[in-house]
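Reader: I'd like a close look at one buried helix residue and what sits around it. Could you start there and then work outwards to the rest of the fold?

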Amino acid sequence: MRVLKFGGTSVANHQCVLSVADIAENELSLGQVALVLSAPAKITNHLVAMIEKTVAGQDIVSNMSDATQIFADLLSGLKAQQPRFDYERLKGLVERELASLKQTLHGISLLKQCPDSINASLICRGEKLSIAIMESVLQARGHKVTVIDPVKNLLAHGHCLESTVDIHESSKRIAALNIPADHIILMAGFTAGDENGELVVLGRNGSDYSAAVLAACLRADCCEIWTDVDGVYTCDPRAVKDARLLKSLSYQEAMELSYFGAKVLHPRTIAPIAQFQIPCLIKNTANPNVPGTFIGDALIDDGQKDQDMPIKGITNLDHMAMFNVSGPGMKGMVGMAARIFSVMSRKGISVVLITQSSSEYSISFCVPQKEWVKAHNALTEEFYLELKDGVLDPIDAIDNLAIISVVGDGMRTQPGTSARFFSALTRANINIVAIAQGSSERSISAVIENNAATTAVRLCHQMLFNTAQVVEVFVVGVGE
């Protein structure tokens, strides 16, 4: 059993959808195949924009028109190129879904607000249609298909816009379906159901997580994430032209890279497959012959090993804010850290990085920039008495920051990595606001100014991976 997940760009148009069907057919030689699909590219963004504009009383005609056209072009292309594709049925389904969407948006416009449960039901419409379209394509090619309804079969807990799947219970539900071995399995990504059977979603870009969960529930032999790049690179190839494609990563390295901003991996994807030791491959839908990046503990073969790369990647998280809680009353005061992070948890604010001075005089931590006001208000409220009595200094907050991180299992045994990392930042005259290193010695992070993040990544990649130096030369003058 192999679980294949295809992102929005992989099902963006009819050629892409047919390529996905080709890939699925090719993989049938290795055993049963399950496909997890995202919405076609841009559809979810249009749905989110329509909800936000409707609440704000703004016009949504352009978004609705663009979304309608994306599906119209997709279906007409499949009608022309895929014999026996059930065009009329799918056209009717899309029309009904869009009509239902318009009706719900009209109700939102009257209320001037959108309850989270309604929001969740709207933003996953694209995934539902992707599955219906792919089912028709595969059936037109003569395949037997079973569609798993994630609302009924994936039990999730938490907020309806950011839920976490209960793999144990979900495994039992899926096993009870008794899916025939000769069927291709389809399941919409991004979606699950709560204890009451109500639809919930798994957070933006949650389709990768859906695939990992399905792989865990099926105890699959492999989970493949098909996207629009050849695999995981040492850093963002859009920022650094000579970024290297990685052959392999451990689960731990993949978790660190995704957590600190690697765009190709969703932070929650690795945990379910690591729990059951399921290998993962990152592959390119447009370039399927490239081996991609292998994630797992047991490597496929010696050719997949990156033995000469103790450092696997450099990532950056932009638009962060850092808070510093300090004061004469901090030293020896039991429970200060617990209170700080408990109040962040109660307010639903994700703490990305933590560092504490050895003197116990201060604790610093980073949160997303968008949570700056909420976090500041929460801290001011929690420590009102301590601030009033001077036990704590006024809370120090710095915004417009970025976190740049260097990740790699081999850093534990290679001296000098930190020195080279910080030397690269020094060369660029980049001020380091804070430093943090995990106890596993698998990652080192530095907090810097946000506008210096791209420069920092380029210079660190050059220093740590010995890539070619780029020299920019300007010639100025009025002579011939």
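Author: Let's start with Ala212, which sits in helix H9. Bear in mind that this is a predicted model. With a relative accessibility of 0%, Ala212 counts as buried, because the cut-off for that is under 20%. Leaving aside residues up to four places away in sequence, Ala212 touches Cys223, Thr269, Pro272 and Ile273. There is also a long-range pairing to look at: Val3 is 209 residues away from Ala212 along the chain, yet their C-alpha atoms are separated by 8.1 Å.

Now follow the contact to Ile273. Ile273 touches Ala212, and also Ala215, Cys223, Tyr251, Ile278 and Cys280, again not counting residues up to four places away in sequence. So what is Ile273's place in the largest nonpolar core? That core has 70 residues, and Ile273 is among those that touch the most other members, along with Ile295, Ile314 and Ile404. Helix H9, which spans residues 207-218, gives the most to this core, with eight residues. The core lies between domain 1 (2-228) and domain 2 (314-465), because both of them give residues to it. As for the domains themselves, their C-alpha centres lie 37 Å apart.

Tyr251, one of the contacts of Ile273, takes us to helix H10, residues 251-259. Which residues of H10 are buried? They are Tyr251, Glu253, Ala254, Glu256, Leu257 and Ser258. The cover over these buried residues includes helix H11 (270-275) and a set of strands: E10 (248-249), E12 (293-295), E13 (313-326), E16 (396-407) and E18 (443-449).

Cys223 touches both Ala212 and Ile273. Strand E9 covers residues 222-227, and Thr227 lies in it. Is Thr227 buried or exposed? Its relative accessibility is 17%, so Thr227 counts as buried, given that the limit is under 20%. Outside the residues up to four places away in sequence, Thr227 touches Ser10, Val264, Ile282, Lys283, Asn284 and Thr285. For a sense of distance, take Leu392, which is 165 residues from Thr227 along the chain: the two C-alpha atoms are separated by 49 Å.

For a contrast in accessibility, try Ala175, in helix H8 (residues 167-175). Ala175 counts as exposed, because its relative accessibility of 52% is over the 50% cut-off. The C-alpha atoms of Ala175 and Asp389 are separated by 60 Å, with their positions 214 residues apart along the chain.

Back to nonpolar cores. A second, separate core has 53 residues, and Phe6, Leu35, Ile51 and Ala132 are included in it. Ala132 brings us to helix H6, which runs over residues 125-140 and also holds Ser130. Ser130 has a relative accessible area of 6%, so it is buried. Not counting residues up to four places away in sequence, Ser130 touches Val11, Leu37, Ser38, Ala39 and Pro40.

Ser130 turns up again when you look for enclosed empty space. How many cavities of 30 Å³ or more are there? The count comes to two. Ser130 helps line the second largest, together with Val11, Val17, Leu37, Leu74, Ile133 and Met134. Two of the names in that lining, Val11 and Leu37, are also among the residues that Ser130 touches. The second largest cavity has a volume of about 40 Å³, and H6 supplies the largest share of its lining, three residues. By class, that lining has six nonpolar residues, one polar and no charged.

The largest cavity holds about 80 Å³ of space. Around it you'll find Ile43, Leu47, Ala67, Phe71, Glu97, Leu98, Leu101, Arg125, Gly126 and Leu129. H6 features here too: the elements that give two or more residues to this lining are helix H2 (43-55), helix H3 (61-81), helix H4 (87-111) and H6. Sorted by class, the lining of the largest cavity has seven nonpolar, one polar and two charged residues.

Notes: Residues numbered from 1 in each chain as written. Predicted model: local features only at pLDDT ≥ 70, side-chain atom pairs only at ≥ 80, totals over all residues. Heavy atoms only, no water. Helix = DSSP H or I, 4+ residues; strand = E, 2+ residues; numbered from the N terminus. Buried < 20%, exposed > 50% of the residue type's maximum accessible area, 1.4 Å probe, protein only. Contact = heavy atoms within 4.5 Å. Core = buried A, V, L, I, M, F, W, Y, C linked by side-chain atoms within 4.5 Å. Domains from an automatic or database assignment. 1 Å grid on protein atoms, 1.4 Å probe; cavity = no way out; pocket = protein on both sides within 12 Å on 5 of 7 lines; lining within 4 Å. Points joined across faces, edges and corners; volume = space filled by probe spheres on them. Nonpolar A, V, L, I, M, F, W, Y, C, P; charged D, E, K, R; others polar.
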